[in-house]
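Here is a short briefing on a protein–DNA assembly. Look at the sequence and the structure first, then read the points by topic.

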Number of protein chains: 2
Amino acid sequence: MGELIEKLDLGDDECGLPTALAAMGERWSFMILRAAFNGLKHFEEMQSSLGIARNILANRLGRLVESEILERQPCPDDRRKIEYKLTEKGMALLPAMIALRQWGERWGTGIPSNPVLCDKRDRHPVEDIRVHAHDGRPLDWHDLMWVDQSELVAEAAE
Amino acid sequence: MGELIEKLDLGDDECGLPTALAAMGERWSFMILRAAFNGLKHFEEMQSSLGIARNILANRLGRLVESEILERQPCPDDRRKIEYKLTEKGMALLPAMIALRQWGERWGTGIPSNPVLCDKRDRHPVEDIRVHAHDGRPLDWHDLMWVDQSELVAEAAE
DNA sequence: GTTTTAGGTTGCAACTAAAAACTTATTTTT
DNA sequence: AAAAATAAGTTTTTAGTTGCAACCTAAAAC
């Protein structure tokens with residue numbers, strides 16, 4: 001039980017990334033998240049589907065629950081079973097997960113992922129995740145720059 | 001020298017995610033990537049900026065170079081120095097990184113990240129990363145479904 | 001030519017991950 | 001009702017990874 005929750009200390013220099021990595025930076029976390037997005041809800045399902053060691057899965061599920069990415073609830077109909085389901089916070093990780101997955105698909109082995117995330121309305125695959133301007137134009141790295149908060153505020157006042 | 005390049009074996013069940021995680025699933029990889037995106041190019045810069053141990057940084061830089069996310073080139077003007085710079089493949093990780101960062105910002109401590117990624121044209125911050133339909137409409141989790149490759153092909157033929 | 005800087009490597013202690021066997025509570029089967 | 005099976009963990013042991021601190025080597029500065 002009393003395992004230390006290791007905090008990564010990535011220097012919280014005004015960036016959401018260290019926070020995100022504290023919750024999702026562990027080796028299996030994204031794979032477990034994917035399983036959850038694919039509808040897997042139970043320990044044994046995930047264990048056999050991912051091939052992860054049982055103790056590690058137990059530990060990671062615990063952390064994901066602690067980070068409020070998953071919610072743990074015992075099933076009322078079968079009291080041996082536990083349901084792990086995505087919270088709103090967990091669902092909000094979908095763009096990050098899909099972006100990573102698409103990157104792996106494009107730059108890795110090139111094998112198309114399965115299943116494919118689609119629009120319910122027309123069952124068409126979703127667009128590639130990219131960076132968009134405030135007005136919706138897609139932007140490339142060359143169209144982008146880093147601006148300091150302070151300059152931003154000044155900018156807005158102009 | 002001979003450290004084993006550990007392969008994660010996440011079951012390549014037709015998904016780009018395991019591939020992405022093999023390259024980026026290590027503890028510090030995203031922080032190093034962020035440093036690179038922020039213009040840090042040299043070992044000592046990254047080391048003091050991130051506070052990462054030197055051997056780990058050396059190891060991670062090596063792997064990022066091996067994955068062709070960073071490129072390693074000795075500086076011609078000062079032959080002690082090495083420049084690490086993002087490749088196209090590395091730059092393609094920007095949406096995933098920004099998505100994670102925004103998630104950490106929104107669901108973590110709520111502190112706005114700094115610096116902010118902006119459109120060069122108008123210096124306005126970029127949009128939040130989200131999933132978009134083929135026609136550009138933004139989609140929520142409720143608007144989405146997983147469709148099997150095979151069904152997709154059938155669909156396209158209709 | 002001594003010192004400083006850049007980019008590492010090495011040795012070692014502490015921690016973390018993984019595989020396999022075990023546990024405990026609940027269902028299902030006989 | 002007893003025995004077998006299932007779900008979700010825990011424990012044990014072994015192997016591998018992380019991180020600190022000190023060291024090293026080549027090139028540049030003074």
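A salt bridge is a side-chain nitrogen of Lys or Arg within 4 Å of a carboxyl oxygen of Asp or Glu. A:R27 and B:E26 form one, with their closest N and O atoms 3.8 Å apart. The model is predicted. The points below take the protein interface, then each DNA strand, then the backbone.

**Interface of chain A and chain B**

- On the chain A side, 78 residues are in contact with 79 residues of chain B.
- The two chains bury about 8,300 Å² between them. Carbon and sulfur atoms give 65% of that area.
- The rule finds five salt bridges across this interface. The pair A:R27 and B:E26 is a salt bridge between the two chains.
- Polar contacts between chain A and chain B number 26 residue pairs, counting those with both residues at pLDDT 80 or more.
- Several elements of chain A give two or more residues to the side that touches chain B. The helices are α1 (16–24), α2 (29–37), α5 (88–91), α6 (94–107) and α7 (149–157). The strands are β3 (116–119), β4 (131–132) and β6 (144–147).
- α6(A) supplies the largest share of that side, 12 residues.
- By class, the side of chain A that touches chain B has 42 nonpolar, 15 polar and 21 charged residues.

**Strand pairing between the chains**

- β3(A) pairs with β6 (residues 144–147) of chain B. The sense is antiparallel, and the pairing runs over four bridges.
- Which residue of β6(B) is the bridge partner of A:V116? The partner is B:V147.

**DNA strand D**

- DNA strand D is surrounded by 22 residues. The closest are A:E44, A:R54, A:R72, A:Y84 and B:N55.
- Sugar or phosphate accounts for 63% of the strand D atoms within 4 Å of the protein. The rest belong to bases.
- B:N55 reaches a base: a polar atom of its side chain lies 2.7 Å from a base nitrogen of DNA strand D.
- Two further residues approach phosphate oxygens of this strand. A backbone N or O atom of A:I82 is 2.9 Å from one. A polar side-chain atom of B:W28 is 3.3 Å from a phosphate oxygen.
- Chain A gives two or more residues to the surface near DNA strand D from each of α3 (43–50), α4 (54–66) and β2 (82–86). In chain B, α4 (54–66) does so.
- The surface near DNA strand D has seven nonpolar, three polar and 12 charged residues.

**DNA strand C**

- Around DNA strand C there are 24 residues. A:N55, A:R79, B:E44, B:R54 and B:Y84 come nearest.
- Of the strand C atoms within 4 Å of the protein, 64% are in sugar or phosphate, and the rest are in bases.
- B:R80 contacts a base: an N or O atom in its side chain is 2.9 Å from a base oxygen of DNA strand C.
- B:Y84 places a side-chain N or O atom 2.4 Å from a phosphate oxygen of DNA strand C. A:R79 uses a polar backbone atom, 2.7 Å from a phosphate oxygen.
- The elements giving two or more residues to the surface near DNA strand C are α4 of chain A and, in chain B, α3 (43–50), α4 and β2 (82–86).
- α4(A) gives the most to this surface, with four residues.
- The residues near DNA strand C divide into eight nonpolar, three polar and 13 charged.

**Backbone points to check**

- Most residues other than glycine have a negative phi, and most peptide bonds are trans.
- The bond joining A:N114 and A:P115 is cis, with omega about -5°. A:P115 sits in the loop between α6 and β3 of chain A.
- In chain B, the peptide bond from B:N114 to B:P115 is cis, with omega near -5°. B:P115 is in the loop between α6 (94–107) and β3 (116–119) of chain B.
- Is phi of A:E68 positive or negative? Phi of A:E68 is positive, near 60°, and the residue is not glycine. A:E68 lies in the loop between α4 and β1 (70–74) of chain A.

Methods: Residues are numbered from 1 along each chain as its sequence is written. Chains are lettered from A and ligands numbered from 1 in the order in which they are written. This is a predicted model: local features need pLDDT of at least 70, side-chain atom pairs count only at pLDDT 80 or more; totals for chains, interfaces and linings use all residues. Side-chain values use heavy atoms; hydrogens and water are left out. A residue is near a molecule or strand if one of its heavy atoms lies within 4 Å of it. A polar contact is a pair of N or O atoms within 3.5 Å; within protein, one must be able to donate a hydrogen and the other to accept it, and residues adjacent in sequence count only if both atoms are side-chain atoms. Ala, Val, Leu, Ile, Met, Phe, Trp, Tyr, Cys and Pro count as nonpolar, Asp, Glu, Lys and Arg as charged, and the others, Gly among them, as polar. Contact means heavy atoms within 4.5 Å. Buried area is the accessible area (1.4 Å probe) that two parts lose on being put together, summed over both. Two strands pair if DSSP finds at least two bridges between them.
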